[in-house]
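Let's take a friendly walk around two bound partners and the residues that meet them. Have the structure open as you read.

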Amino acid sequence: MDWILFLELAANGAVTGLLYAMVAISIVLIFKSSAVPNLAQGALVMVGAYAVLAFSDWLGLPMWLAIPAAMVFMFGLGIGIERHALRRLAGQPIIMILMMTLGLDIFLRGITLAAFGGSARRMDLGISDDPLFVGQILMSRVHLTGAAVALMVFAALVLFFRTRRGIRLRAISNDYVASWSVGIGVEQGVALSWALAAVISTIAGVFWGAVQGVDQSLSLLLLKSLTVAVLGGLDSLPGAIVAGILLGVLESVVSGYLDPLVGGGSRELVVAVTLILTVLIRPHGLFGDRSVERI
Amino acid sequence: MTTASAEPLLSLRNVEVVYDNVSLAVSGVSLDVPEGQLIALLGANGAGKSTTLRSISGLLQAARGKVTRGEIRYAGQLVNTLSPQDRVKLGIVQVLEGRHVFEQLTTNENLEAACPVEMSRAEMRSALDRAYTFFPRLAERRNATSGYLSGGEQQMLAIARALMTRPRMLMLDEPSLGLSPMLTTEIFSIIRRINREEGISVLLVEQNAFAALDLVSHGYLIESGRVVMHDTATAMKNNPDIQEFYLGGHGVNFRDIKHYRRRKRWLT
Amino acid sequence: MFYRLSGVRHFSYTGDRSLYRIPFERNAALALLAAAILAPWIIGELTLTSLVQPWLIWTSAALGLNLVVGWAGQLHLGYAAVMGVGAYAGTHAARSGVPWEIAIVLAGFASMVIGSVFSIAALRVKGLYLALTTLAMQFVIDWSIVHLSVVSGGALASLRAPDMSLLGFEINGTAGLYYVALAWCVLVTIFMMNLRRSALGRALMAVREKDYAAEIIGVRSFVFKLVAFAASSFIAGVSGAVLIATYYHIVTPDQFSTQVSIQVLAMVIVGGLGSIIGTYLGTALILIMPGLVAALFHGATELFDLRIGVETLAHLPNAAYGALIMGCLLWEPLGLGRLYHNMRSYLIAWPFGYLKK
Ligand SMILES: Nc1ncnc2c1ncn2[C@@H]1O[C@H](COP(=O)(O)OP(=O)(O)OP(=O)(O)O)[C@@H](O)[C@H]1O
Ligand SMILES: [Mg+2]
C-alpha cells in the first residue's frame, strides 16, 4: 500500500470535508430552529456566490467589500424566504415543507441563471494556485483557506450560542410553546437562523466558487452537505464538522482507489450510499438527538 | 367580595374559546384578578382551566385556538389581539402545565433565555440572584442540564424562569402536578412569598383544591367551560358542594347531586 | 345546476359506495372518455402528440406516485428512477425480440422489484428520513444506469426503442400510439378509482393517518406499505416503458433524473394529495407551464421590444416553474383537486346553499 498516496487522499479529503461541513452547518442551523430540512441549501450557496460576483463585477467593488456586501444581501434574503415562504407553512405536513424547499431550489436556480446566464465564471480570491507541499503531501491553498474559514465559522457560532440571543435561539429549537410563554419571539428567531444560514452559505459559495468555478453545479452541493448534516445528526453543529471530515476522507479515499477501476464518478456513489446507510442504521446520526427520528 | 381597588388588574368578560374552529372549550368565562391578590381557578379535568389561562397569555394560537367572543382586559387595556410576546412585555406570564423547561439548556441558560433583550447585564445578574433566593435548590444546580433535573426542580425552574420576565401577574397551571405533598407545600409557600414580597398578582390553576384554597383569597370554580361558583376561599372550603365533589367528602348522595345541579344551572 | 341534485343523499350502502356517487359525474366521465377516443379526429396531430399524449402518460405515472404519497402517506423522492428502471427494462426486452406487450409487463415487474427495495427503507424510517433515503436511492440508480454500459447502451448512452406493435399489429401512426397511452391511462385511473373503495385503499389510508394506530386496529402496516410501493412501482415501470415506446422512442439516463422525480412529485402535490382528478389537473399545469411562460416572455419581448438576453429567456420558465410550486403550496396546499372539490360541493347544493353537507 502506498502510504503517501493514502495520506494525501485523506488529508485533502478532510479539507474538502470541512468545506462540505460549512454548507451542512447552514442546514443544521435551520433544522435546529424550525425542523425544516432545507433542500434549497445548494441553491442558496449558488445564489451567495453569484451575489458576490454581482457586487464585484457589476458594481466594481473590490473582493473584500463585495463579500460583506453579499453577506448583507443574503441576510435579507434569508429573512425574506422565511417570512414569505416557510412561515405560512408552519404546522403543515412535512411533505408540503419539503416540496416548498424544492420549489424554492428550482426558483432560486432559475432566477439566478436568468440573471447571470449559464456559463461558468471565475471567483478570484487572490489566493495563489501554486501547490503547497506539507511534508510530501500536495495540498491546495484555496482548500486549506476554506477549511480554516469553516472552522472559524464554527467557532463563531459556538460563541454566538453562548450569548443571550444565541441562548434564545437554542431555547426556540428546544420548545416553541415554552419560548412563547416567556416572551421569546419564535418567528424572529427562526428568521434569524435562516438569515445566518444564508450568510454562511455566502461564505461557502465564495470558497466553492473559487474551487470549482461559479455555475449551476454549485447547487449539487446539496446532496453532499445533506449527507454530512444527517451523518452528524441533523441538529448537531459539532456533528456537522466531524461528519464533514469523515465523509470528505471517506469519499476521497474510496474514490481514489475505486475510480480507476470503474472509470470515474464514484464520489457521488460513496455519498449516496453513506446517506442511505446512515438513515437506515442510525437515523439520528453520530451526535443527533435520538428524538429527531420521530419527525 | 373584598374591598380591592375598583379596577382589577385583570378582568375577563364573557370569554369564549374555540379550538380548531369547531370545538368550544370555554364559553362565557368572566373572572377578575385584583392587583396583588392570589386567586385560584379550580375545576375538574377538561373543564377549561388551561384554556382560560392560554386565552390570557395569548398561547392559544400555538394550540390552534381562538378567542371568539368576550373581552380580556389587563391594566385597563384590551389585550385580546396582542401577541404572546407583547403580553409578556406588559407583565403577563404563564407557567405551562407539565414543566416545559428548555431541556437542552442549563438551569442558568433557561433563566437567561427568559430575560427581556433590552435588560442590561447588571439587571440580569440581579434578576438571576433574586430568582435564586426564591429557589435556593436551583442555585445549587445552576450549571446542570435542565432536562436532567428532578420533576420538582423542573417545576421550580419553570416558575423561576417566568419570574425573569419581571411579571406583574403570574399564572401557574397545576404547579403541583406529579409532585410529592412535601414538595407541593414547599412550592406553594414560595408562591406565597413571591406574591407578598414582589407584589405579583397570582392566578393559580390547581387540581389539588385543598392546598390551593389554603393559599388564595378567592377562588373560581369552572366546569364545562363555565364559571359555576365564585367566592372567598374560606367560603368555598366550607361549601358542601365543593367538599363533596372536589375535596372528596362523605359518600355521594343523589339528593345532593340534584341540589348541586340545580345550583349550577342557576349560576350559569 | 349541472348536477341537478340538492346535496348527496344515499339510502343504501351500495349507493354510498358506488364508483360515481352522482349520476352527472358518471355521465361526464363517459363523455370525457368518448371525447378522448374521438380526439384524433377532433384535435390537430401536433396538439395530440406534443400535449395530450405526454399528458396522459405523465398522469398515469403521477397517479402511481399519488398512490404511495397521497394514499399511503410515504414520501418518495426517487420515483423517476423507478420509472427509469421500467423504461430500460422494457426497451432492452423489446430490443432483444420480446414482443412489446410482454416487454411492457416485464418493465412493470422489473420496477416492482427495484421499487420494493425502496419500501425496505419505508419500513424502517418515515417522513423526512424516508424522503432522504429515496432521494439517495435515486442517485444510486442514476449512477448505475450511467456507469453500467450494458444498461445505458455504451458510449452514446442512448438506446433506440424498436417500433411499437401489439398483438402482432404494427402501431406506428400518431393515433395508434396515442391510443396505447390512453388505454394505459384509463386502466390506471380505473384502478385508482376502485382503490378508494376497496379494503386495500382504506387500509392504506389508515396507515397514512397513523401507522402504529393502524397496527393496533389490526391493519398490518408493514404489509400494506410493501403493497403500496409494489403497486406504485409497477405503474411507474409500465408508464416509463410506455413513455419510451410511444413518445420518446429513445431512452437516455437524463430522462429519469432527480429533477424528473421532483417534477412528478410537483404534479402530485399541485394536483392534490390523494385526488385523482387533481392529478390530471396538476400534471397538465406542470407540463404546459414552462412552454406557456416561455411564450409569454417571448411575446412580451417582441411586443415591447425589450432586450432580454437569450439565456435569460431560457431560464425564466424554470424560475416560474419554481414559483408556481411555491405559490400553489401557499395558496392552496390541498391542490387543484381541492379547488375542484370545493366548486363541486358548491354546485351540487346550488341554489340551495344551506343544504351543503
Ligand atoms: N389544543 C386543543 N385542541 C382542541 N381541543 C382542545 C385543545 N386543548 C384543549 N382542548 C379541549 O378543551 C377542553 C378544555 O381543556 P383544558 O385543557 O382547558 O382543560 P383543563 O381544565 O386544563 O383540564 P386538566 O385539568 O386536565 O388540565 C377539553 O375538552 C379539551 O379536550
Ligand atoms: Mg390543564
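## A glutamate beside the metal

Start with E97(B), which is partly exposed, because its relative accessible area is 32% and the partly exposed class runs between 20% and 50%. Keep in mind that this is a predicted model.

E97(B) shares a task with S50(B): the OE of E97(B) and the OG of S50(B) coordinate the magnesium ion (ligand 2), at 1.8 to 2.4 Å. These two residues come from distant parts of the chain, 47 residues apart. S50(B) sits in helix 1 of chain B, while E97(B) belongs to the loop between strand 6 (92-95) and helix 3 (107-113) of chain B.

Is S50(B) buried or exposed? S50(B) is buried, because its relative accessible area is 13% and the limit for buried is under 20%.

## Who surrounds ligand 1?

Now turn to ligand 1, which has 17 residues around it. The closest are G46(B), K49(B), S50(B), T51(B) and Q207(B). Sorted by class, the shell holds 5 nonpolar, 7 polar and 5 charged residues.

Helix 1 of chain B gives the largest share of this shell, 4 residues.

## Polar contacts with ligand 1

Here S50(B) appears again: an N or O atom of the S50(B) side chain is 2.5 Å from an oxygen atom of ligand 1. For Q207(B), the distance from a side-chain N or O atom to an oxygen atom of ligand 1 is 2.7 Å. E174(B) has a polar side-chain atom 3.0 Å from an oxygen atom of ligand 1.

On its own, ligand 1 has 620 Å² of accessible area, and the protein covers 68% of this.

Methods
Residues are numbered from 1 along each chain as its sequence is written. Chains are lettered from A and ligands numbered from 1 in the order in which they are written. This is a predicted model: local features need pLDDT of at least 70, side-chain atom pairs count only at pLDDT 80 or more; totals for chains, interfaces and linings use all residues. Side-chain values use heavy atoms; hydrogens and water are left out. A residue is near a molecule or strand if one of its heavy atoms lies within 4 Å of it. A polar contact is a pair of N or O atoms within 3.5 Å; within protein, one must be able to donate a hydrogen and the other to accept it, and residues adjacent in sequence count only if both atoms are side-chain atoms. Accessible areas come from the Shrake-Rupley method with a 1.4 Å probe; for residues, only the protein chains shown count as cover. Ala, Val, Leu, Ile, Met, Phe, Trp, Tyr, Cys and Pro count as nonpolar, Asp, Glu, Lys and Arg as charged, and the others, Gly among them, as polar. Donors are N, O and S atoms within 2.8 Å of the metal (3.2 Å for Na, K and Ca); water is not among the atoms, so sites may look incomplete. Buried means under 20% relative accessible area, exposed over 50%, partly exposed in between (1.4 Å probe, protein chains only).
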